[in-house]
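Here is a friendly walk through one protein model, from the whole chain down to a few of its residues. Have the viewer open and follow along.

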Amino acid sequence: MRRLRTRVAGVLLAVLALTVTTACSSEDGAAGSEPAAKAEAAADRVEPLADTPVPQLPVTVRSSDGRKVTVRDAERIVPLSGSLSEIVFTLGLGDRVVARDITATFAQAEKLPVVTRNHDVSAESVLSLKPDLVLAETSTGPDEAMDQIRDAGVPVLVVDPAKGLEDVGPRIGTVARALGVPTAGEELTKRSEERIAAVRKDIPKKTDKPRVAFLYLRGTASVYLIGGKDSGATSLLEAAGAVDGGAESGLEKDFTTITTEALAEAAPDAILVMSKGLESVGGIDGLVEIPGVAQTPAGMDRRVVSIEDGVLLNYGPRTDEVLKSLVDQLYGDAK
């Protein structure tokens, strides 16, 4: 749980590797379950730009760890997070990716070899693939493995973490510049931001904004957490015209163990969960058995928004799909 103390993305990565039960079925009755199913089907694939760019290299870029990184070739790329993989593939350079992190779950990446073990990077696995460039997040580790990759002479670009909608463009731009395709990065940023704006225009204008609590659940590992100010979900919920109940109730940390008191303070009208998390507790029937959930407005109404794990908090080229799914499930026919 080392990453729990650093930032939300680390928490999600650290526990996602644990075995998850799949007892939930389509009869669970989640609010907006049909839109959720459609969104997950769409989220299984990324949509590359129409024109495949040709990298103009070498380039020297600044990594978020303060190092200057010179990229001379980009024929063999190893992105060490699902979010970074998504950006590379969407830029149109997916055929150059030779490995994936366990969180890269979209269809185009699924057959690539995995170079992480329980979300820790295996330096030996990465180096065996002879990469020209490794893309990493600030939470990627362990440090010893990353140092081993650098010591072997492989350029490693560390990218600032995604915390909200405002990070979509900068992260795309950072990766695109490192790959020598800055124009493609500008095109993808424009496309992504326009699509997000289009979804936001369709959000109902309500004076009484729904309160939503983001719950991170892994039933098989007895992990039951409620998101607070730094969970990463606040920006997405606010973009959907909602209020982050956990943050609004005063939870300052990224995640806090779920208690009856914390849920009562959050007083959610709806609950946001990752789809595998919902499955791991036995669907909505199991969710409302968690102490305190049944007593919330969301629990009484069984109002649950479920979004696919591998895309929910990526804040990248598919964030418009995530936002649309959230809006569709949250408001339903009221739009």
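## The chain as a whole

Of the 335 residues in the protein chain, 56% are buried. Please keep in mind that this is a predicted model. The protein chain contains 14 helices and 13 strands. When contacts between residues at least 6 apart in sequence are considered, 69% of them join residues at least 24 apart. The area exposed by the protein chain is about 14400 Å², and 48% of it is supplied by carbon and sulfur atoms.

## The three-strand sheet and its helices

A good place to begin is an open sheet of three strands, in the order E3-E6-E7, where the pairing is parallel. Strands E3 and E7 (156-159) are the edges, each pairing on one side only. From one strand to the next, the twist averages 15°. Strand E3 pairs with strand E6 (residues 133-137) in the parallel sense over three bridges, and Ile 77 stands opposite Leu 133 in E6.

Two helices can be placed against these strands. Helix H3 (residues 82-93) lies across E3, E6 and E7, and runs at about 130° to E6. Helix H5 (residues 143-151) lies across E6 and E7, and its angle to E7 is about 140°.

Let us zoom in on Pro 79, which is found in strand E3 (residues 77-79). Is Pro 79 buried or exposed? With a relative accessible area of 0%, Pro 79 is buried. Beyond its neighbours within four places in sequence, Pro 79 is in contact with Leu 84, Ser 85, Val 88, Val 97, Ala 99, Arg 100, Asp 101 and Leu 135. The C-alpha atoms of Pro 79 and Val 156 are separated by 9.8 Å, although these residues are 77 apart along the chain.

## Helix H6 and Arg 171

Next comes helix H6 (residues 168-178), which is largely enclosed by the rest of the structure, because eight of its 11 residues are buried. The buried residues of H6 are Val 168, Gly 169, Arg 171, Ile 172, Gly 173, Val 175, Ala 176 and Ala 178. After H6 comes Gly 180, with a positive phi near 75°.

Arg 171, a residue of helix H6, deserves a closer look. Its relative accessibility is 3%, so Arg 171 counts as buried, the cut-off being under 20% relative accessible area. Which residues is Arg 171 in contact with, leaving aside its neighbours within four places in sequence? They are Ser 83, Leu 84, Ile 87, Glu 137, Val 159, Asp 160, Pro 161, Ala 162, Asn 314 and Tyr 315.

## Strand E8 and its partners

Strand E8 (residues 211-218) is mostly covered, with seven of its eight residues buried. Strands of a sheet pair through backbone hydrogen bonds, either parallel or antiparallel. The table sets out pairings of E8, and one that continues from E12.

| Strand pair | Sense | Bridges | Opposite residues |
|---|---|---|---|
| E8 and E10 (residues 243-244) | parallel | two | Val 212 and Asp 244 |
| E8 and E12 | parallel | three | Phe 214 and Leu 272 |
| E8 and E9 (residues 223-227) | antiparallel | four | Arg 218 and Val 223 |
| E12 (residues 270-274) and E13 | parallel | four | Val 273 and Ser 306 |

Strands E8 and E9 form a hairpin with four residues between them. In the turn, Ser 222 has a positive phi of about 55°.

What about the two faces of strand E13 (residues 304-307)? Both faces are covered: Val 304 and Ser 306 lie on one side, Val 305 and Ile 307 on the other, and all are buried.

## A pair of helices

Last, look at helix H7 (residues 182-201) and helix H14 (residues 319-331). These helices pack at an angle of about 10°, and their axes are 8 Å apart. H7 and H14 are therefore roughly parallel to each other. On the H7 side, the contact is made by Arg 195, Ile 196, Val 199 and Arg 200. H14 contributes Thr 319, Asp 320, Leu 323, Lys 324 and Val 327. By type, the residues of this contact divide into four nonpolar, one polar and four charged.

Definitions and conventions
Residues numbered from 1 in each chain as written. Predicted model: local features only at pLDDT ≥ 70, side-chain atom pairs only at ≥ 80, totals over all residues. Heavy atoms only, no water. Buried < 20%, exposed > 50% of the residue type's maximum accessible area, 1.4 Å probe, protein only. Pairing = 2+ DSSP bridges. Axes fitted to C-alpha atoms, helices over the stretch in contact; angles between N-to-C directions. Parallel < 35°, antiparallel > 145°, perpendicular 65-115°, else oblique. Contact = heavy atoms within 4.5 Å. Nonpolar A, V, L, I, M, F, W, Y, C, P; charged D, E, K, R; others polar. Areas by Shrake-Rupley, 256 points an atom, 1.4 Å probe, with all protein chains shown as cover.
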